[in-house]
Amino acid sequence: MSNTAKARPAPVASEYTPLTARNVDFEWSGTPLHWVPGDPATTHTINVLHLLLPAGERWFVHVYKQALPLIRDERLRADVLGFIGQEAMHSQAHDQVLPHLARLGLDPTPYTAQVDWFFEKLLGDRTLPPGRARDWWLLERIALIAAIEHYTAFLGDWVLGADALDRKGCDPVMLDLLRWHGAEEVEHRSVAFDLFLHVDGGYRRRVRTWGAALTALVFLWQRGIRFFMANDPTLRDGKASLREFVRAGRQGLLPRPGAIARSIPAYLSPGYHPSRECSTAQALAYLANSPAATAAEAKPTPTPSTGGA
């Protein structure tokens, strides 16, 4: 598995920080179904995270455990282990929201079953003979994760600065979950790309898997929004619409479509490196004040489940 890239984008050294998993807890009993007050469409657009992330991040962990023997750099190995710990905690934290949604009358099981199939079967391990085909499939999945992490870092950076959510009066526990998670996505934003560069780094693979990752995210996300809107027990004929997404973006309650579009050329630039996007200092500043993260400091370091997807 030779490293085939001809030129390596240089990371910004000042943006590096060692990674640790924070053993967070959230109390959901006081969180309403529409935690963005009076705005079920925005609520459910963001709620799709709770559907996608538990299975997706378990899949990240599973793939990265397979990648560990390929890592020949000790700092990168430590970063990948830190990434695994953080992603496992993210999966658990979002998974714990789902029973609360069910208690409020919105059972997510029909959709999460589809997401589980997507990550466990479509993107899971395949019965391949040892050698080139098996190696190729592992490299494809490592590259897919790097592309996905570009967008999770984008979303993390957005939610850290989304003051409109506070002005709207959104549920503070949900905001803390989203911002704790977002801050850690910014904190570890370079790990997936650095691992991709370490084991392969080919530009054609980067572009191909970026296209596959973006297509999958858009497809799964719009299906998730439609599922939530159609099954929300408080709505009659609830429907998702692009108009609602654009409206929420203009209000600062969701990322603007233009900002999402502008993030594409960055990843596709041959000189791209995630350390040049977002701000580690901003992420660490939030984590220093997050109610869940600060409470976690008094608890022992977690050993979260890292079972395969």
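Helix α8 gives the most to the lining of the second largest pocket, contributing 4 residues. The model is predicted. In it, this pocket has a volume of about 480 Å³. Its lining comprises 26 residues, and those closest to the centre are Pro-11, Arg-75, Asp-79, Asp-194 and His-273. Three elements give two or more residues to this lining: α2 (74–95), α7 (172–187) and α8 (191–199). By class, 10 of the lining residues are nonpolar, 8 are polar and 8 are charged.

Helix α8 also appears in the surroundings of helix α11. Residues 257–268 form α11, and its buried residues are Ser-263, Ala-266 and Tyr-267. These three lie on the same side of α11, because they cover an arc of only 90° around the axis. The cover over the buried residues of α11 includes α5 (132–160), α8 and α9 (203–231). On the face turned away from the buried side, α11 carries the exposed residues Arg-262 and Pro-265.

The loop beyond α11 was examined next. Cys-278 is found in the loop between α11 and α12 (280–287). Phi of Cys-278 is near 65°, a positive value in a residue other than glycine. Cys-278 counts as partly exposed because its relative accessibility is 26%, above the 20% limit for buried residues. Cys-170, in contrast, is buried, because its relative accessibility is 7%. The disulfide count comes to 0.

A positive phi is also found in the loop between α9 and α10. Asp-237 is placed in this loop. Its phi is about 55°, although Asp-237 is not a glycine. The relative accessibility of Asp-237 is 69%, so the residue counts as exposed; the cut-off for this class is over 50%.

Pro-233 lies in the loop between α9 and α10 (242–250) as well. With a relative accessible area of 48%, Pro-233 is partly exposed. Pro-233 and Leu-33 are 200 residues apart in sequence, yet their C-alpha atoms are 9.7 Å apart in space. Pro-233 is also in contact with Leu-33. Leaving aside neighbours within four places in sequence, the other contacts of Pro-233 are Leu-104, Gly-105 and Leu-106.

Two buried residues were examined in helix α1. Gly-56 lies in this helix, which spans residues 40–67. Gly-56 is buried because its relative accessible area is 5%, and the class requires a value under 20%. Val-115 is 59 residues from Gly-56 along the chain, and the two C-alpha atoms are separated by 8.1 Å.

Thr-45 is likewise found in helix α1. At 9% relative accessibility, Thr-45 counts as buried. Not counting residues up to four places away in sequence, Thr-45 touches Trp-221, Ile-225, Phe-245 and Leu-254. Trp-221 and Ile-225 fall within the range of α9 (203–231), and Phe-245 falls within that of α10 (242–250).

Notes: Residues are numbered from 1 along each chain as its sequence is written. This is a predicted model: local features need pLDDT of at least 70, side-chain atom pairs count only at pLDDT 80 or more; totals for chains, interfaces and linings use all residues. Side-chain values use heavy atoms; hydrogens and water are left out. On a 1 Å grid over the protein atoms alone, a cavity is a set of points where a 1.4 Å probe fits but cannot get out, and a pocket is an open set with protein on both sides within 12 Å along at least five of seven lines; lining residues have an atom within 4 Å of a point. Grid points are joined across faces, edges and corners, and a volume is the space filled by probe spheres set on the points. Ala, Val, Leu, Ile, Met, Phe, Trp, Tyr, Cys and Pro count as nonpolar, Asp, Glu, Lys and Arg as charged, and the others, Gly among them, as polar. A disulfide is a pair of cysteine sulfur atoms within 2.5 Å. Buried means under 20% relative accessible area, exposed over 50%, partly exposed in between (1.4 Å probe, protein chains only). The arc is that of the directions from the helix axis to the C-beta atoms. Contact means heavy atoms within 4.5 Å.
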